[in-house]
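Here is a quick tour of a small set of features worth looking up in the viewer. Keep the sequence open alongside as you go.

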Amino acid sequence: MNVTINDSCIGCGACESICDAVFHVEDKAVVTKANVAGNEDCVQEAANACPVSAIEVE
Ligand code: SF4
């Protein structure tokens with residue numbers, strides 16, 4: 001699973017609250033790629049919850 005954040009991110013923090021092992025938000029969300037394996041379910045949940053569809057999952 002490849003996870004990226006696109007330029008739409010508004011830094012709302014929702015992804016970090018849902019999946020804090022993978023997402024960290026300061027101005028914008030940052031992905032800790034090393035932690036994606038094993039956290040796919042919450043990554044997908046965060047992608048679905050992002051209000052601006054900024055989390056791209058492949
Ligand atoms: S939920 Fe979406 S808009 Fe909010 S911080 Fe995460 S990536 Fe950015």
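## Cysteines and their burial

A heads-up before anything else: this is a predicted model. Let's start with Cys-50, which is buried, with a relative accessible area of 16%. Cys-12 is another story, being partly exposed at a relative accessible area of 46%. Both Cys-50 and Cys-12 turn up again below, since they are listed with the residues closest to the ligand.

## Around the ligand

Where does the ligand sit? Its place is in the largest cavity. Around the ligand there are 14 residues, and the closest of them are Cys-9, Cys-12, Gly-13, Cys-15 and Cys-50.

What is the shell made of, in terms of nonpolar, polar and charged residues? The split is 12 nonpolar and two polar, with no charged residues in the shell.

## The disulfide

How many disulfides does the model have? The count comes to one. The partners are Cys-19 and Cys-42, and their sulfur atoms are 1.9 Å apart, which falls within the 2.5 Å cut-off for calling a disulfide. Look down the S-S bond and you will find an angle of 45°, making the link of Cys-19 and Cys-42 right-handed. Cys-19 belongs to the loop between α1 (14–18) and β2 (23–25), while Cys-42 is part of helix α2 (residues 40–49), so the bond ties together parts that are 23 residues apart in sequence.

Are the two partners buried or exposed? Cys-19 is buried, with just 1% relative accessible area. Cys-42 has 17% relative accessibility, so Cys-42 counts as buried as well, given that the cut-off is under 20%.

## Overall fold

Stepping back, the protein has two helices and four strands. Read from the N terminus, the elements go β-α-β-β-α-β. The radius of gyration is 10 Å, close to the 10 Å that the globule rule gives for 58 residues, so the protein is as compact as a globular protein of that length.

For a feel of the dimensions, the C-alpha atoms fill a box of roughly 25 × 20 × 15 Å along the principal axes. As for burial across the chain, 33% of the 58 residues count as buried.

## Helix α2 and the loop that follows

Besides Cys-42, helix α2 also holds Asn-48. Is Asn-48 buried or exposed? With 61% relative accessibility, Asn-48 counts as exposed. If you want a distance to check in the viewer, try Asn-48 against Ala-29: the two are 19 residues apart along the chain, and their C-alpha atoms are separated by 15 Å.

Moving on from α2, Ser-53 is found in the loop between α2 and β4 (55–57). Its backbone deserves a glance: phi of Ser-53 is near 50°, a positive value in a residue other than glycine.

## The end of the chain

Glu-58 is located in the segment after β4. Glu-58 is exposed, with a relative accessible area of 71%.

Which residue can you pair with Glu-58 across a long stretch of sequence? Try Val-3: the two are 55 residues apart in sequence, yet their C-alpha atoms are 6.6 Å apart in space.

Terms used
Residues are numbered from 1 along each chain as its sequence is written. This is a predicted model: local features need pLDDT of at least 70, side-chain atom pairs count only at pLDDT 80 or more; totals for chains, interfaces and linings use all residues. Side-chain values use heavy atoms; hydrogens and water are left out. Buried means under 20% relative accessible area, exposed over 50%, partly exposed in between (1.4 Å probe, protein chains only). A residue is near a molecule or strand if one of its heavy atoms lies within 4 Å of it. On a 1 Å grid over the protein atoms alone, a cavity is a set of points where a 1.4 Å probe fits but cannot get out, and a pocket is an open set with protein on both sides within 12 Å along at least five of seven lines; lining residues have an atom within 4 Å of a point. A molecule sits in a cavity or pocket if more than half of its atoms lie within 2 Å of its grid points. Ala, Val, Leu, Ile, Met, Phe, Trp, Tyr, Cys and Pro count as nonpolar, Asp, Glu, Lys and Arg as charged, and the others, Gly among them, as polar. The radius of gyration is taken over C-alpha atoms; the globule rule is 2.2 Å times the number of residues to the power 0.38.
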